[in-house]
2 protein chains.
Amino acid sequence: MSVLIKNATVLTPRGAVHGDLFTEANTIAAIGRCRERAEHVIDGTGKIAMPGLVNAHTHVAMNIFRGYGEDLPLTRWLEEKIWPIEAKQKPSDIAASARLAFCEMLRSGTTAFAEMCLFDTKGIFTAAKQAGMRGIISRCFLDFEDPGRMKQQLREIPGSLEYGDGATLRPSVAAHAPYTCSEEILIRSKELARKRPYACSEEIILKSKELAQKKGLKYQIHVSETRQEVFDVMKKRGKYPYEYLDSIGVMDKDSLFAHGGWLTKREILLGGKRGVSMAHCPVSSMKLATGGIAQITELDAAGANVCLGTDGSASNNSLDMFQTMKVAALLQKHHYWQADILPCRKVLDFATVNGAKALGFDAGALEPGKLADVVLLERGPNMHPEHDLISNIVYAAGPQNVTDVIIDGRPVMLGREILTLDEKAVMEEADRSAADILRR
Amino acid sequence: MSVLIKNATVLTPRGAVHGDLFTEANTIAAIGRCRERAEHVIDGTGKIAMPGLVNAHTHVAMNIFRGYGEDLPLTRWLEEKIWPIEAKQKPSDIAASARLAFCEMLRSGTTAFAEMCLFDTKGIFTAAKQAGMRGIISRCFLDFEDPGRMKQQLREIPGSLEYGDGATLRPSVAAHAPYTCSEEILIRSKELARKRPYACSEEIILKSKELAQKKGLKYQIHVSETRQEVFDVMKKRGKYPYEYLDSIGVMDKDSLFAHGGWLTKREILLGGKRGVSMAHCPVSSMKLATGGIAQITELDAAGANVCLGTDGSASNNSLDMFQTMKVAALLQKHHYWQADILPCRKVLDFATVNGAKALGFDAGALEPGKLADVVLLERGPNMHPEHDLISNIVYAAGPQNVTDVIIDGRPVMLGREILTLDEKAVMEEADRSAADILRR
């Protein structure tokens, strides 16, 4: 397949280029004046071509819980709302939820995602394939230090590592968290929750990381989302979470840690030294009132690979990465009382090239040789004038500006129409799933 | 004129009603099953009808400075970027900037606004009339304690109080601030800026408030946006800003104070007692790194009329009130470490009925007798499922969902097409203005 975008403003790593963008098979072949003939020709006149956004931490299986039990204190929300409803989810609900998430992602310019899920991931792989998304998908190990549960997961989960096409959609290995807290939202039963501080056992963290390394896969884990969790790890292991995970060999360039809202300076330096990827989810963290600030400016300076995620729609309540970029910048400026901290160029890198690196794809930038994940933006009144293209993308743009999306060289949305999924049917199916679960 | 919206989910103050909404002249006439014949019939099937959003603090004249001099420290941004460019603005630039702002407002579901401007406001009134917006518009008094300047403004500004149609568009009186700080962005010359702490004289604040009362107009002023400003007022007046303004009789139900990021508990109680309107601008305050948190939850509980604004595009960089609603909620939850503080219902009230009250219009709610400012939202994938309609509006919706806008009973946007302005021409004209200013 080949695509030719004519006459656009192409945002390359070296600045904006006015011209064409040509993709061949799944790769960007040329930028500038392109005379190639292509299967799909898209008129980019007046539009901006930018790299697709990468959502480096999300939970698509929970998308149908958006707004369910809103504005409750965390404990009541979990115990009375999320756990009971989650326990009733069937595989078909998970697939429906994922398809809805992918429609939302495409409409908001997201081309790749990193998923963590507590259930079998087959339905998510299938839905993502259908949507034409790029991503890494894991079913989390989570044993509550229960050897029986650990054995069962060690039997079941490796099978899911065979899912995917090995190209755009890859499995990854994940452990839920050294200790969980606001991510209790993922725990299936109240009974289990009473065992807090519940944990993945050290053994399962080690075994899962080993499995990832053996298979050459990325490794995901929630770390230091809440203060309680840091306290619990300290109490049990005598170390801060990053230090603990480093001491057992889990922290390296192939690990993607989510959240990091409560890191010490020493952990930040350690994260940088190990080159770990860190997915900051500012909207979800603020909404759940976890209190901590992921010091992404410092993590970035230390050498960590900072990327951005929305977290799930249950806690965000949106998968809009434009919003996440802006809120990430706002939160750093607010926290440090410094308007010039975290310039918009950095934020855009976090959400594109850094995200792609965290997921293990050679994408996230518009230059020849890179994987062809391209988003076209229409300049609405919210994007005029254009004193600064990147500022307009990070601080002013939104899903309303996204018109076309190409993933892996394949047009998946053209002229605001999703080509890969029947959007209306997806929305109806998701609504039905949500209603059915409530009736169960 | 009459409009009939058929078969929508109508969000009334008592909850959602499935049915029709009928407007006659400029007023909502009926909600439910409406058999009236109307000039305009809009199919609301699958859509949500909600009250138009009210942007209670903005600077439309500065819209063409969006993204100019991005991510600089405040002082450099002002001295090297904003002041020089602002000094070159002509009346035609202000009108072009305003028209661009109104296109952006309509596309993001904003039907009314409160403007503060340092220049003659005629062009803004004309542009707003053309767009079909509702609003109050002021040229600020700002004398730097210079009696000559004060006299001149007292000669010039009252003339602008005759502008407007007295119905949808009304003048208001404004003083810039008891002391200014980050709003130095509005000051025309560096020379004047060197006189910091520059202030509106007490005399001009008193005279301008008197003028507002005599004319029965709303009164706007920036108060306690920055810590420096609070310090300066304390030093000069021996009182905190709200207490100082109260002591000179400026704080009442007809005053609209913007920002309020650095209030003491005593000032919050006083604001409540006086029933002052307080426009919180969370995005701009975070982006400018002013550090303070407007404690709107406490102000609301104390009895103040809390409303929301975007501030200008130069500091926001957007006029999207959906974003402002969400960020306002996030910031309170984050600040208080409390997920259930400021529920979404409250936030929506702040952005609708409270905003309308602050501006002095009987609008902001869909019920018979209210002014007919109505916005239709299409439920995209970001608004499914609908466990909670208001949560979806506040936390998940965005300009991408806005399809139709009715202001004062008149359709101004239908099927995502702005009917009152030539949007393409407006964008081109704004770009030209911005480019021309840079060349001057």
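Two residues count as in contact here if their C-beta atoms, placed from the backbone, lie within 7 Å. With that in hand, welcome to a set of close-up views of a predicted model.

**View 1. Helices α2 and α3 of chain A pack against each other.** From α2(A), the residues that take part are Pro91(A), Ile94(A), Ala95(A), Ala98(A), Arg99(A), Phe102(A) and Leu106(A). They meet Gly123(A), Ile124(A), Thr126(A), Ala127(A), Ala128(A) and Ala131(A) in α3(A). Sorted by class, this helix contact has 10 nonpolar, 2 polar and 1 charged residues. Two packed helices are described by the angle between their axes and the distance between the axes. For α2 (residues 91–107) and α3 (residues 122–131) of chain A, the angle is about 35° and the axes are 8 Å apart. The crossing of α2(A) and α3(A) is right-handed.

**View 2. Chain A meets chain B.** Each partner brings its own set of residues to the contact: 53 from chain A and 53 from chain B. On the chain A side, the elements giving two or more residues are α2, α10 (282–287), α13 (321–336), α15 (389–396) and α16 (423–439). Look out for α16(A), which supplies the largest share, 6 residues. The side of chain A that touches chain B is made up of 26 nonpolar, 15 polar and 12 charged residues.

**View 3. A rotation relates the two chains.** Chain A can be superposed on chain B by a rotation of 180° with 0.0 Å of shift along the axis, and the RMSD is 0.0 Å. The two copies are therefore related as by a two-fold rotation axis. The same surface serves both copies, as 100% of the contact residues of chain A recur in chain B. To find the axis, start from Gln400(A): of the residues of chain A, Gln400(A) comes closest to the axis, with its C-alpha at 2.1 Å.

**View 4. Strands β1, β2 and β3 of chain B are linked by hairpins.** In chain B, β1 (residues 2–12) and β2 (residues 15–24) run antiparallel and are joined by 9 bridges. Two pairs help you to line up these strands: Ala8(B) stands opposite Gly19(B), and Ile5(B) has Leu21(B) as its bridge partner. The hairpin of β1(B) and β2(B) has 2 residues between the strands. Follow the chain onward and β2(B) is joined to β3 (residues 27–32) of chain B by 5 bridges, again in an antiparallel arrangement. Here Asp20(B) has Gly32(B) as its bridge partner. The hairpin of β2(B) and β3(B) also has 2 residues between the strands, and Ala25(B) in the turn has a positive phi of about 50°.

**View 5. Strand β1 of chain B has parallel partners too.** With β4 (residues 40–43) of chain B, β1(B) pairs in the parallel sense over 4 bridges. Lys6(B) and Asp43(B) are bridge partners in this pairing. Strand β5 (residues 47–51) of chain B also runs parallel to β1(B), and 2 bridges join them. In that case, Thr9(B) has Ile48(B) as its bridge partner.

**View 6. Strand β5 of chain A is covered on both faces.** Of the 5 residues in β5 (residues 47–51) of chain A, 5 are buried. Lys47(A), Ala49(A) and Pro51(A) lie on one side, with Ile48(A) and Met50(A) on the other. What are the neighbours of this strand? On one pairing, β1(A) runs parallel to β5(A) and is joined to it by 2 bridges, with Val10(A) and Ala49(A) as bridge partners. In another pairing, β5(A) runs antiparallel to β15 (residues 374–378) of chain A over 5 bridges. There, Lys47(A) has Glu378(A) as its bridge partner.

**View 7. Asn7 of chain A sits in strand β1.** Is Asn7(A) buried or exposed? Its count is 16 other C-beta atoms within 10 Å. A residue is buried at 20 or more and exposed at 12 or fewer, so Asn7(A) is partly exposed. Leaving aside residues up to four places away in sequence, Asn7(A) touches Asp20(A), Asp43(A), Gly44(A) and Thr45(A). The C-alpha atoms of Asn7(A) and Ala49(A) are separated by 9.9 Å, although these residues are 42 apart along the chain.

Notes. Residues are numbered from 1 along each chain as its sequence is written. Chains are lettered from A and ligands numbered from 1 in the order in which they are written. This is a predicted model: local features need pLDDT of at least 70, side-chain atom pairs count only at pLDDT 80 or more; totals for chains, interfaces and linings use all residues. Axes are lines fitted to C-alpha atoms, for helices over the stretch in contact, and angles run from 0 to 180 degrees between N-to-C directions. A crossing is left-handed if the near helix is turned anticlockwise from the far one by less than a right angle, and right-handed if clockwise. Ala, Val, Leu, Ile, Met, Phe, Trp, Tyr, Cys and Pro count as nonpolar, Asp, Glu, Lys and Arg as charged, and the others, Gly among them, as polar. Copies are superposed by least squares on the C-alpha atoms of residues with pLDDT of at least 70 in both. Two strands pair if DSSP finds at least two bridges between them.
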